[in-house]
Amino acid sequence: MKKVLILPGDGIGPEITTQAERVLDAVNQHFNLGISTQHGLVGGAAIDVTGVPLPGETLAAATESDAILLGAVGGPKWDNLEMALRPEKGLLGLRSGLELFANLRPAILYPQLADASSLKPEIVSGLDILIVRELTGGIYFGQPRGIRTLNDGERQGYNTYVYSESEIERIGRVAFEAAQKRGGKLCSIDKHNVLEVTVLWREVMDRLAPEYPDVQLSHMYVDNAAMQLVRAPKQFDVMVTGNMFGDILSDCAAMLTGSIGMLPSASLDANNKGMYEPVHGSAPDIAGQDLANPLATILSVSMMLRYSFGAVDAAAAIEQAVSSVLNQGVRTGDILSEGCEKTGTRGMGDAVVKELIQALSEV
Ligand code: NAD
Ligand code: IPM
Ligand code: MN
């Protein structure tokens, strides 16, 4: 039996994971994948019940499971808690506790959504890029960190941006290998002109390059990369970068696909054990109103099937069902365009499940 732990989290998390779980159940049955699911608490939902964002029981269940599906964590209710007890620490604790250092964030524009993007259709049509984000190091985890009081009584906040060569090398290899399987182009994003940590980052990427002669490596500063993503995003194939730059650039890339509600992600360890989650957050502004787009989470299930379970047919069936539903003009509010039918979170889940079951019964 393959074990999947579902962690709905906060805000829209429970709504979107419910729909994604229905999709997972449908392919599990049809393809006889032998997946069993179990639910757990993380983030604010865990704080409310246990007082901490990542209960030991959740970390233990995550460690024992073969893959994890996470909704999102965080929200105004918990925003004033001290840093160590915030919902986001639950997510960060899972990432570091499970050593999920490789975060893959593909930004693919479904042609049906060319009008939904805030950019001109010709700029985004055919877009298919992959952001490889280092996820367990960098300024997110560097020590020392904190807020201290100086001698004159003024307070100072500080974090440490640090990467060791081995951390850079392992994410670099993931990115080079991904580029080999895709268009053969890798752009490493850094701030080599200002930050020593990224001088080392660039040096390690350059050192790896000869081992991957079929990949063309280039480098770009992060500020330019943000601009280029909006100016001419199709110049990119695979982008590799550190934790914080990757966080920012992936939200930017999300908008190219029409909505942040479309972007899935996989966070993998060295053995392809993974946690799968949408790139977006808990969207407190629309939570509990059946407004959230569940497709990023549904597509995260597809990434799970591909990366953790090698169930390529099941993954492709989900992607095809999503595409068919978009062809039918079914849209949540975030990707709505003229002449389309507006639906809610549940309605989108219904449409994908219906399409999936219909397509599978025809095979
Ligand atoms: P957010 O991604 O939650 O929301 C940004 C905007 O995008 C909002 O207007 C929201 O309504 C919209 N949006 C997001 N997902 C959507 C979806 N599926 N369908 C339609 N619209 C969607 O980012 P934020 O507002 O900066 O953060 C809210 C909370 O989420 C914070 O507590 C933050 O820490 C947390 N967060 C969690 C994760 C995660 O769990 N992986 C990621 C990002 C932010
Ligand atoms: C993401 C989120 C997280 C991050 C937060 C919620 C800790 O923004 O997954 O992109 O910054 O990594
Ligand atoms: Mn983010």
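## A walk through the model, starting at ligand 2

Let's begin at ligand 2, which is surrounded by G74, E88, L91, L92, D247, V279 and G281. Keep in mind that what you are looking at is a predicted model. Sort the residues around ligand 2 by class and you get three nonpolar, two polar and two charged. Which helix gives the largest share of this shell? That would be helix 4, residues 87–97, with three residues.

Now move over to ligand 1. Its shell has 21 residues, and the closest are G74, G261, H280, G281 and N293. You may recognise two of those names: G74 and G281 are listed around ligand 2 and again among the closest residues to ligand 1. As for the make-up of the shell around ligand 1, 10 residues are nonpolar, seven are polar and four are charged.

Next, find helix 1, which runs over residues 13–30. From its first C-alpha to its last, this helix of 18 residues reaches 26 Å, close to the 26 Å expected at 1.5 Å a residue. Plenty of its residues are buried, among them G13, I16, A20, L24 and V27. Polar and charged names turn up in that buried list too, including E15, T17, Q19, E21 and N28. Just past the end of helix 1, look for N32, where phi is positive at about 50°.

G13 is worth a stop of its own. This glycine sits in helix 1, and G13 counts as buried because 29 other C-beta atoms lie within 10 Å, where 20 or more are enough. What does G13 touch, once residues up to four places away in sequence are left out? The answer is P8, G71, A72 and S282. There is also a long hop along the chain here: G13 and P294 are 281 residues apart in sequence, yet their C-alpha atoms are 9.3 Å apart in space.

Stay with helix 1 and look for its partner, helix 12, which covers residues 345–362. The axes of the two helices are 9 Å apart, and the packing angle is about 10°. Angles under 35 degrees count as roughly parallel, so that is how helix 1 and helix 12 lie to each other. On the helix 1 side, the contact uses E15, I16, Q19, R22, V23, A26 and H30. Facing them from helix 12 are T345, R346, M348, G349, V352, V353, L356, I357 and L360. This contact is a mix, with nine nonpolar, four polar and three charged residues. A general point helps when you look at such a list: an α-helix has 3.6 residues a turn, so residues three or four places apart point the same way.

A second pair of helices is waiting further along the chain. Helix 8 (residues 222–231) and helix 9 (residues 243–256) have axes 9 Å apart and pack at an angle of about 10°. They are therefore roughly parallel to each other as well. Here V222, A225, A226, L229 and V230 from helix 8 meet F245, L249, C252, A253 and L256 from helix 9. What classes of residue make up this contact? There are 10 nonpolar residues, with no polar and no charged ones.

Two residues from that contact, V230 and L256, lead us to L119. Leaving aside neighbours within four places in sequence, L119 is in contact with V124, V230 and L256. You'll find L119 in the loop between strand 4 (102–108) and helix 5 (121–124). With 18 C-beta neighbours inside 10 Å, L119 counts as partly exposed. L119 and T257 are 138 residues apart in sequence, but 9.3 Å apart in space from C-alpha to C-alpha.

Finally, the loops hold a few backbone details. Between strand 5 (128–134) and strand 6 (146–149) there is a loop containing P144, and a cis peptide bond joins Q143 to P144, with omega at about 0°. N272, in the loop between strand 11 (264–268) and strand 12 (274–278), has a positive phi near 65° although N272 isn't a glycine. D290 is another non-glycine residue with a positive phi, this time about 60°, and D290 lies in the loop between strand 12 and helix 10 (295–307). Are N272 and D290 buried, partly exposed or exposed? N272 has 15 other C-beta atoms within 10 Å and is partly exposed, while D290, with 14, is also partly exposed.

How values were computed:
Residues are numbered from 1 along each chain as its sequence is written. Chains are lettered from A and ligands numbered from 1 in the order in which they are written. This is a predicted model: local features need pLDDT of at least 70, side-chain atom pairs count only at pLDDT 80 or more; totals for chains, interfaces and linings use all residues. A residue is near a molecule or strand if its C-beta atom, placed from the backbone, lies within 6 Å of it. Helices (H or I, at least four residues) and strands (E, at least two) are DSSP runs, numbered from the N terminus. The expected span of a helix is 1.5 Å times one less than its number of residues. A residue is buried if 20 or more other C-beta atoms lie within 10 Å of its own, exposed if 12 or fewer, and partly exposed in between; C-beta atoms are placed from the backbone. Axes are lines fitted to C-alpha atoms, for helices over the stretch in contact, and angles run from 0 to 180 degrees between N-to-C directions. Angles under 35 degrees count as roughly parallel, over 145 as roughly antiparallel, 65 to 115 as roughly perpendicular and the rest as oblique. Two residues are in contact if their C-beta atoms, placed from the backbone, lie within 7 Å.
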